[in-house]
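Me: I am new to this structure and would like to go through some of its local features. Please reason briefly before each answer.

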Amino acid sequence: MSAQAPEGYDKYAFEPFAVTVDLAVFTVRDGRLHVLLVERGQDPYAGAWALPGGFVLPRESAGQAARRELAEETGLSDEVVASLHLEQLRTYSDPDRDPRMRVVSVAYTALVPDLPEPRGGGDAAQARWLPVGSYDRLAFDHERILADARERIGAKLEYTCLATSFCPPEFTLGELRQVYETVWGTTLDRPNFRRKVLATPGFVEPVAGAARLTGGRGKPAALYRAGGATALHPPLLRPEGKPS
């Protein structure tokens, strides 16, 4: 079987288009969901906030381009960028999504704790962690990408133990619940949440003899640490009909 192009094949028979990557990277700070955004330093949309990203080079994969652009535009170190678990979200291919030319974008997303402060680089004037919804309209179709990415990370908390990584090494169930409420954008029933967490094997384990005052009038709250599980069985599902 030949891996060569067939004789007479004209690679210019189709209109060329560009491939880009966009990244929706989230974290939880001060009890609010934040997203990593860059201020565009050039047209189109100069001065507008946008997701980090850029064009895929001829000899790199989309995944390689995603990490390169993230490092270039935010100033995050190569070590930090290499450690991120970037999950491919979907492909965005509306013919008019970019005013410059036909551009197809491969989007990635991540929800990561303890990321450092970014700084602008490349064609980005600045990079910042901003609370979701605290900015004006994003450039291109990035609001749609961001909404899809938020739905994806919300689902990720349903099936994994990722939420514990946003808590202190020893935490109360109230602190764990706040992570879910922050990412899902809804208020959870406390007794129901507690029951589900404690009934999920390997999710959390109690810290013997430890408790913490939480500011209320009741007794100190028991402390827990992350358990040994990586996936939740059964999953901790979002309340039906609630916003995510």
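## Backbone and burial

Reply: The model is predicted. Pro44 sits in the loop between strand E2 (32-40) and strand E3 (49-50).

Me: Is the peptide bond from Asp43 to Pro44 cis or trans?

Reply: Most peptide bonds are trans. The bond that joins Asp43 to Pro44 has omega near 0 degrees. This bond is cis.

Me: Is Tyr45 buried, partly exposed or exposed?

Reply: Tyr45 lies in the loop between E2 and E3, and its phi is positive, about 65 degrees, although it is not a glycine. Buried means under 20% relative accessible area and exposed means over 50%, with partly exposed in between. Because the relative accessibility of Tyr45 is 37%, it counts as partly exposed.

Me: Is Phe140 buried or exposed?

Reply: Phe140 is in the loop between strand E7 (124-131) and helix H3 (142-159). Phi of Phe140 is positive, near 55 degrees, in a residue other than glycine. With a relative accessible area of 13%, Phe140 is buried.

Me: Which backbone nitrogen lies 3.3 Å from a polar atom of the Thr74 side chain?

Reply: Thr74 belongs to helix H1 (residues 62-74). Its relative accessibility is 0%, so Thr74 counts as buried. Not counting residues up to four places away in sequence, Thr74 touches residues including Leu36, Val38 and Pro52. The backbone nitrogen at 3.3 Å from a polar atom of the Thr74 side chain is that of Leu76.

Technical notes:
Residues numbered from 1 in each chain as written. Predicted model: local features only at pLDDT ≥ 70, side-chain atom pairs only at ≥ 80, totals over all residues. Heavy atoms only, no water. Helix = DSSP H or I, 4+ residues; strand = E, 2+ residues; numbered from the N terminus. Buried < 20%, exposed > 50% of the residue type's maximum accessible area, 1.4 Å probe, protein only. Polar contact = N/O pair within 3.5 Å; in protein donor to acceptor, adjacent residues only side chain to side chain. Contact = heavy atoms within 4.5 Å.
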